[in-house]
Structures are given as C-alpha cells and as structure tokens.
Amino acid sequence: MYQCQLRAADPQLTEELLWTLEGMVAIDYAVQQPGVLRVYSTTPLAENLAGLGQVQWLTPTQPVYEQDWAESWKQHWHVTPITPQLTICPSWLAHTPSNPSTEKVLTLDPGSAFGNGTHDTTVLMLEQLDALSQQRQGLAQTSVLDVGTGSGILAVAAGLMGATQIMGQDIDPLTVPVAEANALLNHQPHITWTATPLPQLCLTRYDLVLANILAPVIVELMPDLACRMAQPDGLLLTSGIIHTAAPQVVAAAQACGLVQTHMATRGQWVALTFAAA
Ligand SMILES: C[S@@+](CC[C@H](N)C(=O)[O-])C[C@H]1O[C@@H](n2cnc3c(N)ncnc32)[C@H](O)[C@@H]1O
C-alpha cells in the first residue's frame with residue numbers, strides 16, 4: 001500500500017480523477033486543512049501525473065506497511081449514519097441505535113477493500129437500496145447480485161434489509177475473504193461470494209443488480225449486467241459514475257433494452273437506476 005498527500009485547487013475534481021486511476025483504494029480529506037487529500041493506493045502515484053487538476057504535493061508517495069495502513073485509516077473513520085434506517089459502524093467501535101426497531105447497524109472492517117460507506121458513490125447506492133427496501137417493506141422477496149462488491153458493504157446491507165438470496169462478485173480475489181468476514185460480522189452467512197469475472201458467471205437472474213464501479217467498466221459490462229436482471233421487473237442500480245459520463249452509461253443501457261427510471265447525485269457523482277424498457 002502507498003500513501004501520499006496533496007493540496008488540490010479543486011479537491012472534488014481531483015478526487016474524481018484519482019478514482020479513475022488503477023489501484024486507488026481510499027481518498028480522505030484532511031480535517032481542518034481545506035483542500036488536502038490523503039491518497040491510498042496499491043500502486044505508487046506518479047507526481048508528474050498529467051490531468052490531476054492544479055495540485056501541490058505535500059508528501060510524496062511512500063509505502064505504508066499493511067499494519068500502519070490499517071491503523072492510520074482507522075483513526076479517520078467514525079460511525080456513519082447513511083439514512084435513519086441504516087448506520088455503518090467500524091468493527092472496532094460500538095454504536096447503540098437510537099431506535100433498535102427501525103435502525104439497522106452494519107458492522108464493517110473493509111481492510112484494504114473499497115467500501116467503508118463514506119465515499120459518495122457508496123452512499124448513493126446505500127440510499128437507493130434503503131429507499132427500495134422502504135418501498136417494498138423489506139427485501140425479503142428480492143434476490144440481489146452485487147457486482148464489484150469490494151468490502152461487501154452493499155450485499156451485506158441488502159442482507160440486513162431482509163434479502164436472503166444474495167451474491168457478491170468482484171474481479172479482485174482479495175475482496176472475497178474481506179467480504180465474507182463482513183457478512184459473518186453481520187450474521188449474514190448465507191451470502192455467496194465469487195471472484196469469477198461477470199461474463200463467466202452463471203446466468204442466474206436477480207431482482208436487483210447492483211454495480212458501483214467506474215463508468216467505463218459499467219459500459220463494458222452492460223450486456224452482462226442486463227442479462228442478469230429478472231424479467232420483467234428486475235432493476236439495475238449503478239453508481240461510480242462522474243456526471244459527465246452519465247450519457248455514455250444511459251446509451252449503453254438503452255442499447256441493451258433498458259430504460260433509465262431514476263437518477264440521484266452527490267457532488268460530482270451520479271447513481272442511475274434502470275429497468276427493462
Ligand atoms: C468503487 S468500488 C465499490 C465497492 C463497494 N461495492 C461500494 O459500493 O463501496 C468498485 C469495486 O469494483 C471492482 N471491480 C472493478 N472492475 C470490475 C469488474 N470488471 N468486474 C467486477 N468488479 C470490478 C473493484 O475491484 C472494486 O472492489
């Protein structure tokens with residue numbers, strides 16, 4: 001794992017651009033230092049990288065040992081309420097829900113996998129998932145495929161909302177044990193996890209397909225996502241999409257016979273929901 005710090009003239013823009021780079025694991029904002037981003041990645045970040053916007057490097061890219069990484073990350077991550085019904089709690093902290101009959105607490109240790117519930121795209125996905133669960137009075141009748149599951153946060157959230165048939169998938173095999181451990185922390189042993197690439201995954205259809213991955217990957221995977229949606233009422237919830245890339249995702253979905261039914265935004269990020277046309 002590598003870490004560096006930089007001050008950005010437009011931190012949101014720089015953050016978006018950073019997330020498009022391979023190996024990006026976490027980006028956080030230094031408290032009380034406006035514009036300062038701490039960047040964690042599995043490959044070193046080149047300081048001469050073009051197109052990051054106007055940035056000043058405060059500390060160069062340096063390796064951090066897994067142990068240091070885990071500890072430094074923990075200091076900056078707190079209990080995170082997402083909606084009145086869902087709170088994310090780091091596994092090393094305790095949280096007592098204000099109303100245990102309505103508030104679910106998702107206990108999580110993302111390790112080095114993406115998805116601790118603080119990134120805008122994860123929040124967008126959790127909000128959509130929660131809204132759907134409210135509409136349907138729980139997800140007990142809803143099967144879920146979570147593509148690009150990372151820490152497993154979305155799949156586990158779906159489980160806490162009542163879904164019993166859930167599969168979490170990621171191309172990074174290192175996410176599987178992390179997601180599995182998070183499922184067990186939340187008493188969701190029935191979730192299945194796989195690192196089989198989506199095109200090779202069996203063609204089971206799901207009521208809800210989730211994909212919080214970057215726009216170019218969603219566009220590439222669109223035929224494989226669409227053909228795993230239940231007919232005729234399956235939904236595809238996507239995020240990880242910078243707002244300027246939304247038209248490409250919509251066009252790819254339309255080409256696969258889908259229609260956009262909802263859009264939500266947070267900062268520069270967009271979440272798009274699709275159904276069969
Ligand atoms: C932005 S993270 C999302 C993690 C988590 N689902 C969340 O919402 O916070 C994207 C994840 O997608 C995975 N990924 C990237 N390309 C993929 C692909 N082609 N198929 C499946 N997963 C992919 C990455 O390894 C990473 O774990």
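Here are five short exercises with worked solutions on the structure above.

This is a predicted model, so local features are read only at pLDDT of at least 70 and side-chain atom pairs only at pLDDT 80 or more, while totals for chains, interfaces and linings use all residues. Residues are numbered from 1 along each chain as its sequence is written, and side-chain values use heavy atoms, with hydrogens and water left out.

**Exercise 1. Overall build**

Work out whether the radius of gyration of the chain agrees with that of a compact globule.

*Solution.*
- Start with the inventory: the chain has seven helices and 14 strands (DSSP runs, H or I of at least four residues for helices and E of at least two for strands, numbered from the N terminus).
- Next, the radius of gyration, taken over C-alpha atoms, with the globule rule being 2.2 Å times the number of residues to the power 0.38. For 277 residues the rule gives a value near 19 Å, and the chain has 18 Å, which agrees.
- The C-alpha trace spans about 50 × 45 × 30 Å along its principal axes.
- Now burial: 52% of the 277 residues count as buried (under 20% relative accessible area, with exposed over 50% and partly exposed in between, using a 1.4 Å probe and protein chains only).
- Last, contacts (heavy atoms within 4.5 Å): among those between residues at least 6 apart in sequence, 64% join residues at least 24 apart.

**Exercise 2. Helix α4 and the core**

Find out which element gives the largest share of the largest nonpolar core.

*Solution.*
- A nonpolar core here is a set of buried Ala, Val, Leu, Ile, Met, Phe, Trp, Tyr and Cys residues joined through side-chain atoms within 4.5 Å.
- The largest one has 33 residues, and I88, L106, L126, L129, W193, L208 and L210 have the most contacts inside it.
- Go through the suppliers: β6 (86–90), β7 (104–108), α3, α4, α5, β11 (208–212) and β12 each give at least two residues. The largest share, seven residues, is from α4.
- Check that helix by itself. Eight of the eight residues of α4 (residues 153–160) are buried, so the helix is largely enclosed by the rest of the structure.
- Then look at L106. Leaving out residues up to four places away in sequence, L106 touches L86, T87, I88, C89, I153, V156, A157, L160 and N186.
- Don't stop at one core: a second, separate core of 27 residues includes L201, M222, A252 and F274.

**Exercise 3. Unusual backbone**

Locate Q137 and H187, each with a positive phi although not a glycine, and the cis peptide bond from Q231 to P232.

*Solution.*
- The background first: most residues other than glycine have a negative phi, and most peptide bonds are trans.
- Q137 has a phi of about 50° and sits in the loop between α3 (120–135) and β8 (144–147). Q137 is exposed, at a relative accessible area of 77%.
- H187 has a phi of about 55° and belongs to the loop between α5 (175–185) and β10 (192–194). H187 is exposed too, at 67%.
- Just after α4, the glycine G162 takes a positive phi of about 115°.
- For the cis bond, omega is near 0°, and P232 lies in the loop between α6 (215–226) and β12 (235–242).

**Exercise 4. The largest pocket**

Describe the lining of the largest pocket by element and by class.

*Solution.*
- On a 1 Å grid over the protein atoms alone, a pocket is an open set of points where a 1.4 Å probe fits, with protein on both sides within 12 Å along at least five of seven lines; lining residues have an atom within 4 Å of a point.
- The volume is about 1,300 Å³. Of the 47 lining residues, M24, D170, I171, I213 and L214 are the closest to the centre.
- By element, α6 gives the largest share, six residues.
- By class, count 25 nonpolar, 17 polar and five charged residues (Ala, Val, Leu, Ile, Met, Phe, Trp, Tyr, Cys and Pro are nonpolar, Asp, Glu, Lys and Arg charged, and the others, Gly among them, polar).

**Exercise 5. Two loop residues**

Say where L174 and T43 are placed.

*Solution.*
- L174 is in the loop between β9 (166–169) and α5, and is exposed at 63% relative accessible area.
- T43 is in the loop between β3 (36–41) and β4 (55–63), and is partly exposed at 39%.
- T43 touches Y2, E22 and G23, not counting residues up to four places away in sequence.

How values were computed:
Grid points are joined across faces, edges and corners, and a volume is the space filled by probe spheres set on the points.
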